[in-house]
Amino acid sequence: MTAGIRRSLDYAVVFVAYAATARIGLSFDALAGIATTVWPPTGIALAALVLRGPQLWPAVSLAAFVVNVMTGIPVWGAAIIAAGNTLEAVVGAGLLRRFSFDPRLGRVRDVLLLVGCAALGSTLISATFGVAAAALANLPRAESYPVFWAVWWVGDAMGNVLIAPLICVWASAPLRVSRRPLRWLECGLLVAALTVVSAMVFRQPTNIRAIELVRGTYALAPLLIWAALRFEQRGTTAALLLVSVIAVSATASEGSYFAARTPHERLLMTDCYMAVTTISMLMLAAALAERRAAIGVRDEFISIASHELKTPLTALKLRLAAAVRTQRRPAPRDVDAEEKLGRSLRAAGTTTDRLVSLVDDLLDASRLTAGRLALHLESVPLIDLVRDVVGRLREQAQEAGSPIGVEIPEPIVGRWDRSRVEQIVTNLLSNAIKYGAGRPIQLTAHAANDRMRLDVKDAGVGISRADQSRIFQAFERVTSANRVGGLGLGLYIGRQIAVAHGGSLSVDSKPEHGSTFTLELPLEAPTSGAGISAATSRPPVS
Ligand code: ADP
């Protein structure tokens, strides 16, 4: 399918879904014919812009405009409302993108972002535009403006809380259909239990006394927890939709669970219950996903760490065994044997250095977790530091076929922790060698506005957008990097050190085009670390 056809299809799907669900929403006792507490289109628009990009906004505008014109409001009024609906989606999706929202909702932070930025935040825009349009058009209202505004806002917020997660979660990863009959049986049982219990809770009272005595929304909690525990985000969002559909449709009946004067007051109460339940269940599902991910990372780390430590240990053992064999030769030993002994011991020394650096990384990671990494600030000429690091890595770079070019046109002197900054530059250059695909590496640095900027640029394998934020977390590695040694700690430690100096460490990369890692540090680091525990300062060394 060409990009043009796919885009047209996206527009059509968003338009139809928006317009169809808007018609359903308006059928629920809409105030002045336009404000309703059931408004799935907001969630559809948000999910579409998050998943497919902000360029889909015209589909949202057009659908909102058409739907509102059909309610009988003047054309200019419908245009104001459509502008509010569009802005709401664009601002909501923009904020979520800005804060690196992950639509799989596998982290508690993603649920909080969705609730804060989109459900509670961007919906204020649409509600305000809607009330303004109703006031300017002088529409007959049964309620005061604050109630009208609240109904609009709640309807939109619910769309973002309930419908947006459903679409985001189901659309953001390919569906894997289980082949296990027991899984299907469990799924069927859960759906049946949710349907029966929701109907008992929300629909007309029965004349069975025992059921009436225990009728209450709390009965749904264990079933929704079951969905979160066993069917993850997809199961949770689907279960919540099922309960919402039954709860909302039941509000039309007089004997519905939430007793109130008017249908829209009943809907408001149903919405409040559904909002609190949905947010709680999404948080639970996200916390469980975080736990699963942490266990996965731990297991992977144990396997990587044992492998990483085992490799140099085996090499060390072989080199020492060779040294012992040479040393056992009867005296007097010839020059060749002495030479061999020296080589074995030097190689053993290099291997030990590798082991020490691995263990140092592990210790640093644990110190960072405990907030115990201290900085020793001193005056550091950058060119000397870079020369030392490049000198140490030159042989390795040559072996990989990646010569390191250095360009530091001006003398830069900063007050930093020399060994820690060295650690960052070493890590960036050795990564550039490891992942640089045997192409040249360029290190450049300059200073401006009391800050130093150092770039390490390679033309190697590059890093996808999704992996770019991940690699700065502890033990995170790109899967394809598994063939190359490493614990996935260097960048994590590097960023923490940069932050502690009041600086930053970031990446700009494109797969197959290479990466540029940028270290920015203030020339005068603050005496107390910004990101890690208070640093001790040694007198400057000139
Ligand atoms: P390590 O290299 O020890 O695994 P790091 O924290 O230094 O740990 O790097 C984390 C991951 O980031 C690496 O496993 C690799 O996948 C990716 N990475 C780092 N630097 C580069 C680079 N210059 N090019 C491509 N990928 C890189």
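**Figure 1. Gly188, a partly exposed residue in a helix.** With a relative accessibility of 39%, Gly188 counts as partly exposed, because that class covers everything between the 20% limit for buried and the 50% limit for exposed. Keep in mind, here and in every view below, that this is a predicted model. Gly188 is found in helix H7, which covers residues 181-202. Where does Gly188 stand relative to Asn427? The two are 239 residues apart in sequence, and their C-alpha atoms are 52 Å apart in space.

**Figure 2. Ser344, a buried residue in helix H11.** Now we turn to another helix. Ser344 sits in H11. Is Ser344 buried or exposed? Ser344 has a relative accessible area of 11%, so it is buried. Which residues touch Ser344, if we leave aside its neighbours within four places in sequence? They are Arg319, Ala322 and Ala323.

**Figure 3. Helix H15 and what covers it.** Helix H15 takes in residues 490-500, and eight of its 11 residues are buried. Can you find them in the structure? Look for Gly490, Leu491, Tyr492, Ile493, Gly494, Ile497, Ala498 and Ala500. What lies over these buried residues of H15? The cover includes two helices, H11 (335-369) and H13 (418-435), along with E6 and E7. Just after H15 comes Gly502, whose phi is positive at about 85°.

**Figure 4. Strands E6 and E7, a hairpin with alternating side chains.** In a regular strand, side chains alternate between the two faces of the sheet. Strand E6, residues 504-510, shows this pattern. Which of its side chains are buried? Leu505, Val507 and Ser509 point to one face and are buried, whereas Ser504, Ser506, Asp508 and Lys510 point to the other face and are not. The partner of E6 is strand E7 (residues 514-522), and the two pair in the antiparallel sense over seven bridges. To follow the pairing, start at Leu505, which stands opposite Leu519 in E7. Three residues lie between the two strands of this hairpin, where Glu512 takes a positive phi near 70°.

**Figure 5. The ligand and the residues around it.** How many residues surround the ligand? There are 21, and Asn431, Asp458, Arg477, Gly488 and Leu491 come nearest. Leu491 is also one of the buried residues of H15. Let us look at some polar atoms. In the side chain of Asn431, an N or O atom is 2.8 Å from an oxygen atom of the ligand. For Asp458, a side-chain N or O atom is 2.8 Å from a nitrogen atom of the ligand. Val478 takes part through its backbone: one of its polar backbone atoms is 3.2 Å from a ligand oxygen atom. How much of the ligand is covered by the protein? On its own the ligand exposes 530 Å², and the protein buries 97% of that. The elements giving two or more residues to the shell are H13, H15 and E7. H13 gives the most, with four residues. Sorted by class, the shell has 10 nonpolar, seven polar and four charged residues.

**Figure 6. Strands E2, E4 and E5, with parallel and antiparallel pairing.** Strand E4 (residues 441-448) is a good place to start. E4 runs parallel to strand E2 (residues 404-407), and four bridges join them. One example is Glu407, whose bridge partner in E4 is Thr444. How does E4 run relative to strand E5 (residues 451-457), parallel or antiparallel? E4 and E5 run antiparallel, joined by seven bridges. Here Gln442 has Lys457 in E5 as its bridge partner. E4 and E5 form a hairpin with two residues between them, and Asn449 in the turn has a positive phi of about 50°.

**Figure 7. Ala437 and Asp450, loop residues with a positive phi.** Most residues other than glycine have a negative phi. That makes a positive value something to look out for. Ala437 is not a glycine, yet it has a positive phi of about 55°. Ala437 lies in the loop between H13 and E4, and its relative accessible area of 46% makes it partly exposed. Asp450, also not a glycine, has a positive phi of about 65°. Where is Asp450 found? Asp450 is in the loop between E4 and E5. With a relative accessible area of 60%, Asp450 is exposed.

Definitions and conventions. Residues numbered from 1 in each chain as written. Predicted model: local features only at pLDDT ≥ 70, side-chain atom pairs only at ≥ 80, totals over all residues. Heavy atoms only, no water. Buried < 20%, exposed > 50% of the residue type's maximum accessible area, 1.4 Å probe, protein only. Pairing = 2+ DSSP bridges. Contact = heavy atoms within 4.5 Å. Near = heavy atom within 4 Å. Polar contact = N/O pair within 3.5 Å; in protein donor to acceptor, adjacent residues only side chain to side chain. Areas by Shrake-Rupley, 256 points an atom, 1.4 Å probe, with all protein chains shown as cover. Nonpolar A, V, L, I, M, F, W, Y, C, P; charged D, E, K, R; others polar.
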